[in-house]
Amino acid sequence: MPSSTPRPTRRRLIRSAAALVGAGAVAGCGGTAESSGTAVSSPEADPPDDAVTDPASVVLRAPLDEPVLQEAGDGSDSDSDGESDPRAGEWRHNLVADAETAASMSVVDVDGAAEARRFLEETDFDAETVYVERHAVGECYDQRLCWVRWTDQRIETSYARVLRPAEAACSADVRVGVTHLIRLSAALDPDQISRFSSSGGSRPCRTPPGSEDGKPGDGS
Amino acid sequence: MSRDADGSARTRREVLSLSATAVLAGLAGCGGRLSERLPGREPATIDAAALSEATRGETPTVPDTLPVDIEASFVDSHRGLARSKLDATPAPFDEETVPNGVIRERLNDAYDHALQSVRDASGAPTGHERLDHAVRARTAAHEVVAAWDAIESELVVDDLRAAIPAVRDDVDALEARWSPVGADPVRAAVVHREIERGLRGARRWLSIPDGQLRAATGQSLELADVAVDIERARTDTAVGSYLFDRFRGRLDEPTDLTDRLTTARDDLRSRIDRRADPLPSDRVEDPTSLVDRDVETTAGVRALAKLASDARRRIEDVAADGGDPRLASDVLSATTTLTHLRAFESLRDRIEGGDDVAVASADDVGAIRSEAVEAIEAARDADRAELMVDALLPGLTGNIGWIDDQFDRGSGSVRLESVSTDAMRYVVVATLCRALPATATEATGVLRGSE
């Protein structure tokens, strides 16, 4: 089961987007690859035993270059770290761990913005944390959260990419940013979280055996 | 030849195969040949334009044939079905009919493929190829109509679930009445291999996991995928049934050839067992260890390693095969494996005889390509074991045009090692095609009981 940690005592918002992807570590005839990063594997396997498959969450879609969450005052976007690493455009993640930070954040006017504001307001930061994760996704696809799991040091998610209905007007060549706000039932200390990973695939989410009547879960 | 302390003799081939693995394992993955990684040694190259010019030329055509008189009306029935399916949709689709760009692109691709296959079904050189194109047109058109019906909510998962039993019944019915009948066992093996493929294919297409069906709910493209699998099973069964009736109907006295084919298969497999000895048991790290002569890793040596690994894989696949029926398929597959073994031996003999089969210039590559083209044409025009050669040659010719394209895509200068790797493919094709007529003659003799 997910672990819990003492409540953080200061305003915490980590910008860890490009904390990633040890691709550069693979070189020459030796070296190792750090495991944080987006994986290309699909969520075809059953969720891990300690994963949560139906966390409270809100999804926001916006143009790829438009940050949907902004921290008031400094103008920085909270679903990015503002770095120039091209990989950061693909995958960004943050942690909102206290009410003060949550209250300072603004949500741009996209579908679901009001729900996102309410979601942040209603989070009990004494016992909960909001994990904000954004991926670049084809405009014609939805991204559904299959599961999330965490420890004091690590957060891991898995998503399914699902084609939107035929009547959804979209281009095959355009990508958008899909941001998930996921409520974790633990007051995590962002300073202690050092590893983030996320996997995705085109198959539907798998649900734990016996958890429902065989229907594919959408996890969202 | 070298000699160990105990006095036992080892050929160079054996010594290299024992030592090269350890030496080269340390270099594996580090990229590049040792000589090219030493300071001051530039890798040898060949001008890309010269390579493109040297590998330009006509490519021989090897039509797919089947010794069954396929009526034009049967081909037309599939083409007609394809057209009527397409006519039932507003294809090609625009942004108004299908706003989702991914779905629209996929359906328009399938639509274009169906139309092209309809055209190809008229112009292909043999009845078998025309039938193949017509069937492709039918399944591509089915993808279009199934997806469109799913978009219009006229096709749902339950419809697909309900369609499967009837198709499965048709497969069962064909399998129940089918047997490898014939007069000439060679002709029969070639025809029944095709029917067996159809039966196995139909069963595979119908093995749709329930999870896939559930996941397709509400997803137009996934629903179309499943619908196409079912349609492929239908067409495989329809074609298999037609070929069986057509072939059997032309026989004066249909004789069940199960015993004959079984004996031939076992005979051919025992020949494989006897001749597989020269093959290395595993992938070789140093291909030059395959020849008992000092030679660089030339295109010919690379081809030798490729033939060895392909032959080994084919032999291992026989041991692990699954799915029935496959008696006739096994006979032809064993013949192809024997062709690989013959090709391996002949190429090894050629290299050990002093021919490096190396490329050092664009002209060398052109010459090796010419060898491949001539070998294909010679096999195609061979006047012995024609039935068997015609059945197996299309699977051995590779795609000369594709290899040509590899040379056509280069720019500037191309490293000799890369040239040698691509030229290796020509050598493989040439060697296999040269080996085919003799092997086909041998297999024909086995099948007819004269060898």
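How much area do domain 1 of chain B and domain 2 of chain B bury between them? Keep that in mind while you load things up, and remember that this is a predicted model.

**Stop 1: chain B on its own**

Hide everything except chain B and switch to cartoon. You should be looking at 17 helices and six strands. Colour by burial next: of the 451 residues in chain B, 49% are buried. For the contact-map fans, take contacts in chain B between residues at least 6 apart in sequence, and 84% of them join residues at least 24 apart.

**Stop 2: the two domains**

Now give each domain a colour. Select 45–63 plus 257–448 of chain B for domain 1, and 72–256 for domain 2, following the domain assignment. Their C-alpha centres sit 32 Å apart. Where they touch, domain 1 of chain B puts in 21 residues and domain 2 of chain B puts in 23.

Back to the opening question: the two domains bury about 1,800 Å² between them, with 67% of that on carbon and sulfur atoms. Show B:L257, B:P325 and B:L387 as spheres. Together they supply 38% of the area that domain 1 of chain B buries against domain 2 of chain B, more than any other three residues.

For the polar side of this contact, look for 10 residue pairs in polar contact between the domains, both partners at pLDDT 80 or more. To find the helices involved on the domain 1 side, select α11 (258–275), α13 (327–352), α15 (386–396) and α17 (416–448) of chain B; these are the elements that give two or more residues to it. By class, that side of domain 1 splits into 13 nonpolar, four polar and four charged residues.

How many salt bridges are counted between domain 1 of chain B and domain 2 of chain B? The count is one. Select B:D184 and B:R448 to see their side chains meet in a salt bridge, N to O at 2.9 Å.

**Stop 3: along helix α17**

Stay on chain B and zoom in on helix α17, where B:V419 is found. Is B:V419 buried or exposed? Its relative accessible area is 0%, so B:V419 counts as buried. Leaving out residues up to four places away in sequence, B:V419 touches B:I46, B:L51, B:V359, B:V365, B:F407 and B:V414. For a sense of scale, draw a distance from B:V419 to B:A216: their C-alpha atoms are 46 Å apart, with these positions 203 residues apart along the chain.

B:D422 is in helix α17 of chain B too. With a relative accessible area of 12%, B:D422 is buried. Using that sequence cut-off again, the residues B:D422 touches are B:I403, B:Q406 and B:F407.

**Stop 4: a salt-bridge walk**

Over all chains, the count comes to 44 salt bridges. Here are a few in chain B to click through.

- Select B:R246 and B:D69: their closest N and O atoms are 3.0 Å apart in a salt bridge. This pair links distant parts of the chain, 177 residues apart, with B:R246 in helix α10 (residues 220–249) and B:D69 in the loop between α3 (48–54) and α4 (72–87). B:D69 is partly exposed, at 41% relative accessible area.
- Select B:R265 and B:D266: the side chains form a salt bridge at 3.2 Å, N to O. B:R265 is buried at 19%, whereas B:D266 counts as partly exposed at 39%.
- Select B:E417 and B:R415: this salt bridge comes in at 3.6 Å, N to O. B:E417 is partly exposed at 25%, and B:R415 is partly exposed at 37%.
- Select B:D267, B:R271, B:R275, B:R342 and B:E442 together: salt bridges link them in a network.

**Stop 5: chain A comes back**

Unhide chain A. In this interface, 15 residues of chain B are in contact with 18 residues of chain A. The buried area is about 1,200 Å², and carbon and sulfur atoms give 63% of it. Put spheres on B:P99, B:N100 and B:V102, which supply 38% of the area that chain B buries against chain A, more than any other three residues.

Which salt bridges should you look for here? The count between chain B and chain A is zero, but there are six residue pairs in polar contact, both partners at pLDDT 80 or more. Finish by selecting α5 (101–123) and α9 (210–215) of chain B, the elements that give two or more residues to the side touching chain A. The largest share, five residues, comes from α5 of chain B. By class, that side has eight nonpolar, four polar and three charged residues.

Key. Residues are numbered from 1 along each chain as its sequence is written. Chains are lettered from A and ligands numbered from 1 in the order in which they are written. This is a predicted model: local features need pLDDT of at least 70, side-chain atom pairs count only at pLDDT 80 or more; totals for chains, interfaces and linings use all residues. Side-chain values use heavy atoms; hydrogens and water are left out. Domain bounds come from an automatic or database domain assignment. Contact means heavy atoms within 4.5 Å. Buried area is the accessible area (1.4 Å probe) that two parts lose on being put together, summed over both. A salt bridge is a side-chain nitrogen of Lys or Arg within 4 Å of a carboxyl oxygen of Asp or Glu. A polar contact is a pair of N or O atoms within 3.5 Å; within protein, one must be able to donate a hydrogen and the other to accept it, and residues adjacent in sequence count only if both atoms are side-chain atoms. Helices (H or I, at least four residues) and strands (E, at least two) are DSSP runs, numbered from the N terminus. Ala, Val, Leu, Ile, Met, Phe, Trp, Tyr, Cys and Pro count as nonpolar, Asp, Glu, Lys and Arg as charged, and the others, Gly among them, as polar. Buried means under 20% relative accessible area, exposed over 50%, partly exposed in between (1.4 Å probe, protein chains only).
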